[in-house]
Each structure stands twice: as C-alpha cells, then as structure tokens.
Amino acid sequence: MKPIIGITMGDAAGIGPEIIVKSLMDPTIYDKCQPVVIGDAKMLERVKPIVNADLAIHSIDHISKAKNQYGTIDVFDLDLLPIDLPFGEVSSEAGNAAYQYLAKAVELAKDQMIDSICTAPLNKEAMHKGGHLYPGHTEILAALTETEDFSMMLTTPNLRVIHLTTHMGLIDAIQSITPERTYKVIKLAHDTLSKAGIDNPSIAVCGINPHAGENGLFGNGEEEEKLIPGIERAKQEGMNASGPHPADTLFFRAGRGDFDMVVACYHDQGHAPIKVMGIEEGVNITVGLKGGIIRTSVDHGTAFDIAGKNIADSKSMIAAINSAIELAPKKR
C-alpha cells in the first residue's frame, strides 16, 4: 500500500500553491505515494493557468474520497480564503489559514489517516497577524503534538544537519544551550539515522566559538560547560558522537562523507552551509514528534517577490515529498 502524504499549502499569498501544483505534475510522485493537499482548492485552481497545468482539482472532505490518480489533485478543502487574495502581500487571513492547514494535517496524522506531513512555506509575519504567535512550523508541530524534545533537521544530497537551537537571537540561543539539550539532540540524531537504516551513525557536534574555543582561547568556556558533558554522556551510552569541532571545517568534512550528521548550535551555523550546498534540493525535517509523526518541508520561504509569476522552482518541494515517502513506510 502506498503511503498517504498530506501536503499543507502554507501561505497562499506565496509560492506554495505554485510549487505544489508543479510537483504534482510529475507522474512519478503518484507511482510512490498518494498525495493529498490540505488547503484551499480555489487557490490551486487559480495557479493552474499560471504554471500551465492541465490537471483537475478534486475537493474532498475525507481522505477516503480521494481519487489517487495522476492528472487529478486531491484537496482536503478547508475553504478559508477569498479567491482574490493578493499574491506577495502579508495577510492575516492567509497567515491564519496556513496555521489551520497544519493543524488539520496533524489531526489527520494522529488519526492515522495520513502517513506523513509535507509542508509548503508559511510567512511568520502573516501567521502572527492571524493570531498564531509561533516562530515557525517546527514549534507549531511541537505544540500540537505536545512534544518537548524535538529538533530541526536539514538535509541535502551530501549533508545532514540537526540543530540545538533554531528561531531565536544568537545571544539567547547560546544561553539556552545546556548539556542536557546537547545530549538529547545527539540522541535524536542517532535514533533517526538508525531507524533510517544507517548502522552506528557518526554524529559530529559543532563548537559554539571560533575554532571550537581552542581550549579557552576564544569565548568563556561555552564548549566545556554546554557541549562536552552532553557529548560524553552520549558516548558513554554507545553513540558514535564526537566534538566539539571547529565549524569552519566541519561542514566540509561532513560533505565529503566523514560524518553522517552535524549538530549545529544555532540557526545560521547550520542553515548557511545547507543552503550553499544545495538549497534547490534542501529538505527540512522535524525530528522527535510524539506519535511518530513525520514532517518534511521545503527549505526555503514564501518568496512573496516572485509569487504568481511562474518563476518558483519546485525541486525542493519534490525532494521534500520524496523524503516524506521514504520515511513513511518505516512508521507504517
């Protein structure tokens, strides 16, 4: 049985509807899964002529009503937005809708109606205007699933990165790192890669300071206080963890195959290398959600500046759908 992938539409004023339709023009997606878009059917209808898509949009109110056939996009239609929603503008309506699409996807996943969630991008400002004060998808998913120990994992074909902290300022991020958090994220990385079939995965932790502190030369002992105890605990439990390593060389080493996963200490430390090495095929995966819920996402934003212009590239969306497919059978 093919896995059912719930694809949330994200912010409809951005490129989400376009990249979803473009992705589902690929017949190989239907060979591997049953895709169901969770969003507004009318938003997909209006981008069809923009992207030159000869596809039917099929609105459903229950997963069992999906046609599951190439040439038809099944849409769990929440019907939340006006047809004249402007492209490229921050909107409280679109922000609220993006949240509601994700909430519905989590509900369907909890009810085992879908096997994994794949998300198109949302706009944080719009979502906040819509009354949902979260930093991003990851934190919403954690709240909706009552998950405390979670992390953001990014992948490209040659690099995997998992984060100790994500959407917070740099000073706050460093202050929030603890040995316990370091240990828990190493364990999430170890468990995720082990379940994916990688034996004894090698996990390398970035330093916080330049040259990983260079034995106290840089910083105020953050590596010794916040990272090393967590790394040592993981090693004592049999995990193949190492570090802290200087970040300026670690990503190169991981990219050539020295390590299976890099643990980044803060948002840009992990995101920048991923986007340099493969933003078009980058995938964002939320790791550790309760109930075994799997979520993958594009690794880019709503791109308001090009929305509605048939410029957006769907490679990252296709990669995210394929990642959701690959992970779903392990859950099933």
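Tyrosine 30 is buried in this predicted model, with a relative accessible area of 4%. Its ring takes part in one of the two aromatic pairs that the structure holds.

The partner is tyrosine 70, and because the two ring centres lie 5.7 Å apart with their planes at 75 degrees, the pair is edge-to-face. Tyrosine 30 belongs to helix α2 (residues 27-32), while tyrosine 70 sits in the loop between β3 (56-60) and β4 (72-77), so that the pair links distant parts of the chain, 40 residues apart. Unlike the buried tyrosine 30, tyrosine 70 is partly exposed, at a relative accessible area of 43%.

Tyrosine 99 and tyrosine 134 form a pair whose ring centres are 6.1 Å apart and whose planes meet at 15 degrees, and it is therefore stacked. Here too distant parts of the chain are linked, since tyrosine 99 lies in helix α4 (residues 92-110) and tyrosine 134 in the loop between α5 (124-129) and α6 (137-144), 35 residues apart. Tyrosine 99 counts as buried at 12% relative accessibility, whereas tyrosine 134, at 24%, counts as partly exposed.

Rings also meet charged groups in this model. The charged end of arginine 46 sits over the ring of phenylalanine 87, at 4.0 Å from the ring centre, and the charged end of arginine 233 sits over the ring of tyrosine 183, at 3.6 Å from the centre of that ring.

The loop between α5 and α6 also holds proline 135, which counts as partly exposed at 28% relative accessibility. Leaving aside its neighbours within four places in sequence, proline 135 is in contact with Lys124, His128 and His167. Two of these contact residues, Lys124 and His167, are among the residues that lie nearest the centre of the second largest pocket.

The table sets out the two pockets.

| Pocket | Volume | Lining residues | Classes in the lining |
|---|---|---|---|
| Largest pocket | about 1000 Å³ | 42 residues | 20 nonpolar, 10 polar, 12 charged |
| Second largest pocket | about 320 Å³ | 19 residues | four nonpolar, 11 polar, four charged |

In the largest pocket, the residues closest to the centre are Met153, Thr192, Ala196, Ile285 and Leu327. Helix α8 (179-195) is among the elements that each supply at least two residues of this lining, and α8 gives the most, with eight residues. For the second largest pocket, the elements that give two or more residues to the lining are α6, α11 (267-278) and β12 (295-298).

Key:
Residues numbered from 1 in each chain as written. Predicted model: local features only at pLDDT ≥ 70, side-chain atom pairs only at ≥ 80, totals over all residues. Heavy atoms only, no water. Phe/Tyr/Trp six-rings, centres within 6.5 Å; stacked < 30°, edge-to-face > 60°. Helix = DSSP H or I, 4+ residues; strand = E, 2+ residues; numbered from the N terminus. Buried < 20%, exposed > 50% of the residue type's maximum accessible area, 1.4 Å probe, protein only. Lys NZ or Arg CZ within 6 Å of the ring centre and 35° of its normal. Contact = heavy atoms within 4.5 Å. 1 Å grid on protein atoms, 1.4 Å probe; cavity = no way out; pocket = protein on both sides within 12 Å on 5 of 7 lines; lining within 4 Å. Points joined across faces, edges and corners; volume = space filled by probe spheres on them. Nonpolar A, V, L, I, M, F, W, Y, C, P; charged D, E, K, R; others polar.
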